[in-house]
Amino acid sequence: MHPYTTDMYEGMLAETVMIQGYNGDTINAYFARPLGPGPFPAVVLIPHMPGWDEWYRETTRRFAHHGYLALSPNIYYRFGHGSPDDSAVADAEGSLRFLKSLPLSNKKVGVFGTCSSGRQAFLSACRLKGFDAAVDCWGGRVIMSKEELTPSRPVSPIEYTKDLYCPLLGLFGEEDENPNPQQVQSMEQELKKYGKTYEFHMYPKAGHGFFYYDRPNYRQEQAVDGWKNLFTFLEKYLGTTP
């Protein structure tokens with residue numbers, strides 16, 4: 001965690017901005033940043049289904065509180081051709097470009113996602129060059145059976161593991177069914193196979209979405225430890241606020 005004392009000046013700006021995303025579309029994004037000269041590390045927060053909700057905007061501000069330029073693109077801004085994963089990856093790429101272009105940025109950018117966007121964070125880290133760290137929180141359908149593949153999702157995301165460009169943090173619950181512990185173990189085997197840098201934490205007595213304090217599946221002890229591991233990981237690969 002970045003050093004903090006109670007006599008320090010603290011300020012934050014949080015607002016909606018417009019960025020270029022998939023297919024050159026102009027989409028809105030929620031942007032939060034610490035006040036001050038920087039340079040700051042940055043994080044792209046890909047929202048989960050059902051989309052750009054209050055929890056993700058609060059989490060965007062949480063990252064800013066910890067010293068990050070935090071941007072959450074509204075990946076469901078438009079509905080069009082192509083799979084949601086394709087447009088989410090392209091929106092993540094637009095967010096990456098936006099953050100790296102800012103004078104306040106230290107040019108180190110991570111990508112974060114939970115549930116469906118955990119999968120999309122993994123995909124973004126595999127298919128885009130430029131991210132310096134990726135956080136997959138209980139991302140579902142990283143491993144897909146043949147029966148689950150569709151014309152819009154013809155490839156299981158795990159098949160892209162060999163192309164992973166940055167270190168990966170995975171946070172999972174033992175009681176989750178998607179991904180279940182066996183699928184997480186298979187992911188780990190693929191990461192080892194290709195010599196990737198990764199760190200996985202599997203939490204007992206936790207299921208899907210154990211960070212979501214507004215839902216019955218919230219697990220306080222596991223969530224607190226998960227956030228601690230998350231910020232330690234990001235500080236290692238993205239740097240800290242000066």
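Which elements cover the buried residues of α5? Among them are the strands β3 (40–46), β5 (105–114), β6 (133–137), β7 (168–173) and β8 (198–203), together with the helix α1 (54–65); the legends below describe a predicted model.

**View 1. The protein chain as a whole, with 5 helices and 8 strands.** Read from the N terminus, the elements follow the order β-β-β-α-β-α-β-α-β-β-α-β-α. The radius of gyration is 17 Å, close to the 18 Å that the globule rule gives for 242 residues, so the protein chain is as compact as a globular protein of that length. The C-alpha trace spans about 55 × 40 × 35 Å along its principal axes, and 51% of the 242 residues count as buried. Of the contacts with a separation of 6 or more, 72% are made by residues 24 or more positions apart. The exposed area of the protein chain is about 11200 Å², of which carbon and sulfur atoms supply 51%, and the mean positions of its 24 positive and 28 negative charges are 5 Å apart.

**View 2. Helix α5 (residues 220–238) and its buried residue Leu 234.** The 19 residues of α5 should span 27 Å at 1.5 Å a residue, and its end C-alpha atoms are 26 Å apart, which agrees. The buried residues of α5 are Gln 222, Ala 223, Gly 226, Trp 227, Asn 229, Leu 230, Phe 231, Phe 233, Leu 234 and Leu 238. Leu 234 has a relative accessibility of 2%, under the 20% cut-off, and therefore counts as buried. Leaving aside residues up to four places away in sequence, Leu 234 touches Val 43, Phe 63, Tyr 68, Ala 133, Val 135 and Gly 239. Leu 234 and Leu 169 are 65 residues apart in sequence, while their C-alpha atoms are 9.0 Å apart in space. After α5 comes Gly 239, which has a positive phi near 90°.

**View 3. Helix α3 (residues 116–127), a mostly covered element.** In α3, 11 of the 12 residues are buried, including Ser 116, Arg 119, Gln 120, Phe 122, Leu 123 and Cys 126. At 1.5 Å a residue the helix should span 16 Å, and its end C-alpha atoms are 16 Å apart, which agrees.

**View 4. Pro 179 and Pro 181, in the loop between β7 and α4 and in helix α4 respectively.** The peptide bond from Asn 178 to Pro 179 is cis, with omega near 10°. Pro 181 lies in α4 (residues 181–193) and, with a relative accessibility of 26%, counts as partly exposed. Apart from residues up to four places away in sequence, Pro 181 touches Glu 174, Asp 176 and Met 202. The C-alpha atoms of Pro 181 and Met 202 are separated by 8.1 Å, although the two residues are 21 residues apart along the chain.

**View 5. The cis peptide bond between Gly 38 and Pro 39.** Omega of this bond is about 0°, and Pro 39 is placed in the loop between β2 (26–34) and β3.

**View 6. Lys 107 and Lys 205, each with a positive phi.** Lys 107, in strand β5, has phi near 75° although this residue is not glycine, and with a relative accessible area of 39% Lys 107 is partly exposed. Lys 205, in the loop between β8 and α5, has a phi of about 60° and is exposed, with a relative accessible area of 63%.

Definitions and conventions:
Residues numbered from 1 in each chain as written. Predicted model: local features only at pLDDT ≥ 70, side-chain atom pairs only at ≥ 80, totals over all residues. Heavy atoms only, no water. Helix = DSSP H or I, 4+ residues; strand = E, 2+ residues; numbered from the N terminus. Rg over C-alpha atoms; globule rule 2.2 N^0.38 Å. Buried < 20%, exposed > 50% of the residue type's maximum accessible area, 1.4 Å probe, protein only. Contact = heavy atoms within 4.5 Å. Areas by Shrake-Rupley, 256 points an atom, 1.4 Å probe, with all protein chains shown as cover. Lys, Arg positive; Asp, Glu negative; His and termini not counted. Charge placed at Lys NZ, Arg CZ, Asp CG, Glu CD. Expected span 1.5 Å × (residues − 1).
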